[in-house]
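This briefing is meant for a reader who is meeting the structure for the first time. Please keep the sequence and the model in view while going through the points below.

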Amino acid sequence: MSLSDEDRRKLDRLAQVMLPGSVGMSGASELQLAHAPVDRVLRIEPALAPKLAHFLTRAGFVGSLGDVEALAQEDPEEFKALEVVLANAYFMHDTVRGEIGYPGQEARDSSVGLDDRDLALLEPVRARGAIWRE
Amino acid sequence: MSDTSSDVVIVGAGPSGAVAALELARAGMAVTVLEQGGWVAADEFDGARPEWELTQLRKWHPNPNVRGRAEDYPIDAAQSDVNPLMFAGVGGAALIYGAHWVRFMPSDFRVRTLDGVADDWPFTYDDLAPFYEYVEEAMAVSGLSGNPAYPDGAPCPLPPLPMGRVGRKAAKGMNALGWHWWPGSNAIPSRAYRGLQPCVLRGTCGTGCSDGAKATPDRTHWPEALKLGVRLITGARVAEVETDAKGRACGAVWIDRHGARHRARGDVVILCANGIGTPRLLLMSDLANRTGLVGRRLMMHPYAGVMGTFDEELESWVGPAGQILVSMQFYETDTSRGFVRGAKWNCMPAGGPQSFRAGYTGGTLTEGWGAALHDGVARKFGRSFEWGIIGEDLPDPENRIVLSDSLTDGDGLPAPEIRYRMSDNTHRMLAFHTARAVEAMEAAGAISTEVTPLIRDCGWHLMGTAVMGEDPETSVTDQFGRVHDVPNLYVFDGSIFPTSSGMNPTATIMAVAARAVLNLIETRHTLAPSQ
Ligand SMILES: Cc1cc2nc3c(=O)[nH]c(=O)nc-3n(C[C@H](O)[C@H](O)[C@H](O)COP(=O)(O)OP(=O)(O)OC[C@H]3O[C@@H](n4cnc5c(N)ncnc54)[C@H](O)[C@@H]3O)c2cc1C
Ligand code: SF4
């Protein structure tokens, strides 16, 4: 299911209001979030598309978070679809991940285990002794 | 209708079914296993993909009602404070478990004697200890031996996983208060081990391990069981356990994915379908319920959490998840606190920017949108972790599963309906524990804390619904899971637990299953149909 141009414009506006950006974090408009990033989410989770489309059909053009709030109150379930789409489009974006220092769920070496500092932290626990009840 | 025959028919290919099938096959018995789910390959899990936070909202969600796969059965939980969670597949719910591996403590087996509540188990910690050790070898448990919360220090076959920055931070808080903690033990290998890859700390254990590391029965048990000739039929939903004219179990009727019915005959039937699936099947089969206890005493471990945020980078998306630390400081009863029994704590990383339990709360940040969202991410992401609290749930006959008269699964079989309320004891327990966990966070230097008094999607641990005991008037099975009313029908999963403890139960489920199946093998000569 693809979004109409009109839907896309409304989504773009919603995204700008909901994800305006801040120091060190891009906003939706710089990322063109309502385009390829949103399409990527809908490709992975197509079940979100009809709910999102319904929401957008209903929605007018929003000016502020207050307007978004009012739309959310009208149909919380469809609004949830919008939230999931925008949040995931945003946090799956490489630029955002770079900005917030999130490499994704990365692979590391687990064999390093505990080091001497960790074992030293355990000393008081060992010193207090058994805590189980017979 | 196809008709097959073997010595033993097992329902369910999760941890308990895996232990049973492997031991029976090693003893030379012919085994058929019926599992409604299928195989899940490691690369199907999304842990290593950018959409990991997205797909846990539905595809890998722990609640079958949300997941809605064909192999799942729906659950009516409208009358329950907690949603039961599970997964249907070869490996069972372990495919998406956190792999927190903890033994029950000695007092857990004697709560009636010690605290005057519920029931003692028909055996003790010491009786079960060799079986714990046995299943821990199979499940690649990594951890540090010598935990003073256990008489034998709860030895672990593999060295512990790293604590990371999160673990050190949490440990310092606990030390400042003089409270017990210990590096977490997990069914996750810190080294390559018997066909399992070493853990890479990806921290996605609760949505499946894409690295082939986490110990799950599809890797630890089923390959050998299949080699030994076990017949594992997937996509096989059991509709009924059948009995013969003498009232003995003689097999199971199962439905394939195309709706066709089949019969699997066996001299022995073992139910390993978990604390919801097993009583559902017993109720559907109208078996083992002379006492009316089947489905009652459901325990699901209400779970609370305290999230702490710190003013420093903790890399709190790094795994395992998995438990980084545990604490049993407030595990044992102290009646001055206003409740009996206690809870285990587990220190967990906070996951990605939408929080590691995004799927559980519906998927998006609770901080709101606009500037608040950016501010929340800047303050919390990578800088938060959780002390999770597993409260001991005491058995109550009114907490139960019944068969729904309106909801059915994809095969038209009645769905389970859950009637479950959290007790006053549990409410008081979780209030006490969350208050202490806030103190632990503050002692560690948290700049803010958030308490979740109860997570509704927390029914990970399903126990008690076909209770074991010595007296056939007050229990469903004997101490080896043998149903009092039907001598060749067994239950090996958490349904038979008399009490729940405050621990994650899989170590005990597998140890109890191992103890029970060895007894079955030793006594098999008494099970021949002529007996
Ligand atoms: C998200 C999550 C996290 C968890 N984390 C932990 C943890 O960290 N530590 C811990 O100790 N435990 C944890 N658990 C619990 C743990 O997964 C269970 O204790 C364990 O899997 C129980 O094993 P089992 O074999 O008894 O049942 P299950 O694993 O539930 O397996 C039962 C099997 O039976 C099958 N089945 C049911 N009914 C039928 C039927 N009618 N016909 C055919 N097949 C049927 C099911 O499909 C399933 O595969 C977690 C559970 C979940 C859901
Ligand atoms: S932390 Fe280890 S076991 Fe868990 S998902 Fe990652 S690699 Fe697998």
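Contact between two residues here means that heavy atoms lie within 4.5 Å. The model is a predicted one, and the points that follow take up a pair of helices in chain A, the surroundings of two ligands, and some backbone details of chain B.

**A helix pair in chain A**

- Leu11(A), Leu14(A), Ala15(A) and Met18(A) on the side of H1(A) are in contact with Phe79(A), Leu82(A) and Leu86(A) on the side of H6(A).
- Sorted by class, this contact of H1(A) with H6(A) consists of 7 nonpolar residues, with no polar and no charged residues.
- Two packed helices are described by the angle between their axes and the distance between the axes.
- For helix H1 (residues 5-18) and helix H6 (residues 76-91) of chain A, the axes come within 11 Å and cross at roughly 75 degrees.
- Because angles of 65 to 115 degrees count as roughly perpendicular, H1(A) and H6(A) are therefore roughly perpendicular to each other.

**The surroundings of ligand 1**

- There are 36 residues around ligand 1, and those that come nearest are Ser16(B), Glu35(B), Ala93(B), Val238(B) and Thr506(B).
- At least two residues of this shell are supplied by each of helix H1 (15-26), strand E2 (31-35), strand E6 (237-243) and helix H13 (506-522) of chain B.
- By class, the shell around ligand 1 is made up of 21 nonpolar, 12 polar and 3 charged residues.
- In the side chain of Thr506(B), an N or O atom is 2.8 Å from a nitrogen atom of ligand 1.
- From the backbone, an N or O atom of Gly98(B) lies 2.9 Å from a nitrogen atom of the ligand, and a polar backbone atom of His100(B) is likewise 2.9 Å from a nitrogen atom of ligand 1.
- Of the 990 Å² of accessible area that ligand 1 has on its own, the protein covers 96%.

**The surroundings of ligand 2**

- The residues surrounding ligand 2 include Cys199(B), Cys205(B), Cys209(B), Arg202(B), Asp211(B), Lys214(B) and Pro320(B).
- The shell around ligand 2 has 7 nonpolar, 2 polar and 3 charged residues by class.

**Backbone details in chain B**

- Pro320(B), one of the residues around ligand 2, is found in the loop between strand E9 (303-309) and strand E10 (325-327) of chain B, and the peptide bond leading to Pro320(B) from Gly319(B) is cis, with omega near 10 degrees.
- Gly322(B) is also placed in the loop between E9 and E10 of chain B, and the peptide bond from Ala321(B) to Gly322(B) is cis, with omega near 10 degrees.
- Ala288(B), in the loop between helix H9 (274-285) and E9 of chain B, has a positive phi of about 65 degrees although it is not a glycine.

How values were computed: Residues are numbered from 1 along each chain as its sequence is written. Chains are lettered from A and ligands numbered from 1 in the order in which they are written. This is a predicted model: local features need pLDDT of at least 70, side-chain atom pairs count only at pLDDT 80 or more; totals for chains, interfaces and linings use all residues. Side-chain values use heavy atoms; hydrogens and water are left out. A residue is near a molecule or strand if one of its heavy atoms lies within 4 Å of it. A polar contact is a pair of N or O atoms within 3.5 Å; within protein, one must be able to donate a hydrogen and the other to accept it, and residues adjacent in sequence count only if both atoms are side-chain atoms. Accessible areas come from the Shrake-Rupley method with a 1.4 Å probe; for residues, only the protein chains shown count as cover. Helices (H or I, at least four residues) and strands (E, at least two) are DSSP runs, numbered from the N terminus. Ala, Val, Leu, Ile, Met, Phe, Trp, Tyr, Cys and Pro count as nonpolar, Asp, Glu, Lys and Arg as charged, and the others, Gly among them, as polar. Axes are lines fitted to C-alpha atoms, for helices over the stretch in contact, and angles run from 0 to 180 degrees between N-to-C directions. Angles under 35 degrees count as roughly parallel, over 145 as roughly antiparallel, 65 to 115 as roughly perpendicular and the rest as oblique.
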